[in-house]
Amino acid sequence: MVKTLSRITLIGLIVSVIPLGLVLAQSETKESKWSLDDPRAEAKSIVDNFLEAYYHNTTPEGMGLIGWIILVRKNFGWLRRIGDKRVVEPFIELLKDTVRFEELVKWEGMTRRKLDEDHSNIAIVLGRLGDKRAIPALKECLKWKSREMTRMEAAIALCFLGEAKVGLPVVEEYASRDTPPFNSWGDMVKAN
Amino acid sequence: MGGYGKGELTLAFFTYDWQIIELPNPNDNKLLIEYMERALNFPDYDVRLGAAHWLIKKNKRKYTESVFKVASEIILNRDALVKKLGEYGPSAVLQEAIWVLELIGDKASKDMIKKLVNDEDKFVANAAREALKELGEER
């Protein structure tokens, strides 16, 4: 009797554990496929999330938005490869918008230097995605002497967009300094 | 850079795998080459070596002499490096200079690299040995 009961328990256990294992295995496979095997899908998904945060942002300070901008920047190579330019228009708007991120200084105690660094990510992406609609906004950034990193990245971006005549002199202005404001790894080495 | 992404002034014009980026418009590209040529003489070491690296990949034959001059001057003027970058600053710059010389790969460059194989900085010494190995100069 005891033997029969334990057999039934064992079979029951096996019957319930196997499908659970299969589901877990499947979800694991799906996840690894999403992140490791398909960087295109990952890049696209990051843009989806950015757009969601941009159009339906729940935090007025925009903190979440900056996180997605950084991820878009890290994935611009894939976005360029798959021709996903959905960020271009919002990024142009954000580049022109000096108010939205200013809120972060008030709400999150973020420094202006960090803010400038994050804002410069937008200029980098616009340059590398190769969409000429970004040119006027990038040119406008060249006037921003108080946001040096954004200004410098806008200048580099303009070179990639066929405007080297305008962009390169600004790049050279930084490069020819005895100590450029940023080292080659992107760390700011001198206060503005 | 295609690749690096931030703060780069000459490295912006490289891809992640160190291929040079040229600008699609020929007039723009001409301006870029002229900028890199001037950058060889800029005061910042990172900027200078970035330009050296770019130019040697752009046209090895044309720029061997000027790029060798830049890299060897940096190596031979260690005092100036220490003065500007502090005790630990020169290591990365010297390794980059070794890499540029490795790209040239001629006898003069190998001889210059050999000066660093017993360097007090282990990272520099190792970089020099590796470069020579790459150039077929097993010690």
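**Exercise 1. Determine how many disulfides the structure holds, and explain the result for C141(A) and C159(A).**

Solution. The structure holds 0 disulfides over all chains, a disulfide being a pair of cysteine sulfur atoms within 2.5 Å. The model is a predicted one, in which local features need pLDDT of at least 70 and side-chain atom pairs count only at pLDDT 80 or more, while totals for chains, interfaces and linings use all residues; side-chain values use heavy atoms, with hydrogens and water left out.

Step 1. For C141(A), the closest cysteine sulfur belongs to C159(A) and lies 14 Å away, so the separation is too far for a bond.
Step 2. Taken from C159(A), the closest cysteine sulfur is that of C141(A), again at 14 Å and too far for a bond.
Step 3. C141(A) is buried, because its relative accessibility is 0%; buried means under 20% relative accessible area, exposed over 50%, and partly exposed in between, with a 1.4 Å probe and protein chains only. C159(A) is likewise buried, with a relative accessible area of 0%.

**Exercise 2. Describe the surroundings of T150(A) and A155(A) in helix α9 of chain A.**

Solution. Step 1. T150(A) lies in helix α9, residues 148–160 of chain A, and A155(A) lies in helix α9 as well. Helices (H or I, at least four residues) and strands (E, at least two) are DSSP runs, numbered from the N terminus.
Step 2. T150(A) counts as buried because its relative accessibility is 0%. A155(A) is also buried, at 0% relative accessibility.
Step 3. Contact requires heavy atoms within 4.5 Å. With neighbours within four places in sequence set aside, T150(A) is in contact with L95(A), D116(A), H119(A), S120(A), A123(A), C141(A) and W144(A). The cysteine C141(A) of Exercise 1 is thus one of the contacts of T150(A).
Step 4. Under the same exclusion, A155(A) is in contact with L142(A), G167(A), V170(A) and V171(A). The C-alpha atoms of A155(A) and L168(A) are 6.5 Å apart in space, and the two residues are 13 apart in sequence.

**Exercise 3. Summarise the architecture of chain A.**

Solution. Step 1. The secondary structure of chain A comes to 10 helices and 0 strands.
Step 2. Of its 192 residues, 42% count as buried.
Step 3. Among contacts in chain A with a separation of 6 or more, 66% are between residues 24 or more positions apart.
Step 4. Chain A exposes about 10500 Å², and carbon and sulfur atoms supply 59% of that area; accessible areas come from the Shrake-Rupley method with a 1.4 Å probe, and for residues only the protein chains shown count as cover.

**Exercise 4. Characterise the lining of the second largest pocket.**

Solution. Step 1. A pocket is an open set of points on a 1 Å grid over the protein atoms alone, where a 1.4 Å probe fits, with protein on both sides within 12 Å along at least five of seven lines; lining residues have an atom within 4 Å of a point.
Step 2. The lining has 13 residues, and G77(A), W78(A), R80(A), R81(A) and Y16(B) lie nearest the centre of the pocket.
Step 3. In chain A, α3 (63–74) and α4 (76–82) each supply at least two lining residues. The largest share, 5 residues, comes from α4(A).

**Exercise 5. State the backbone and burial features of W18(B).**

Solution. Step 1. W18(B) lies in the segment before α1 (26–39) of chain B.
Step 2. Although W18(B) is not a glycine, it has a positive phi of about 65 degrees.
Step 3. W18(B) is buried, because its relative accessible area is 18%.

Note on methods: Residues are numbered from 1 along each chain as its sequence is written. Chains are lettered from A and ligands numbered from 1 in the order in which they are written.
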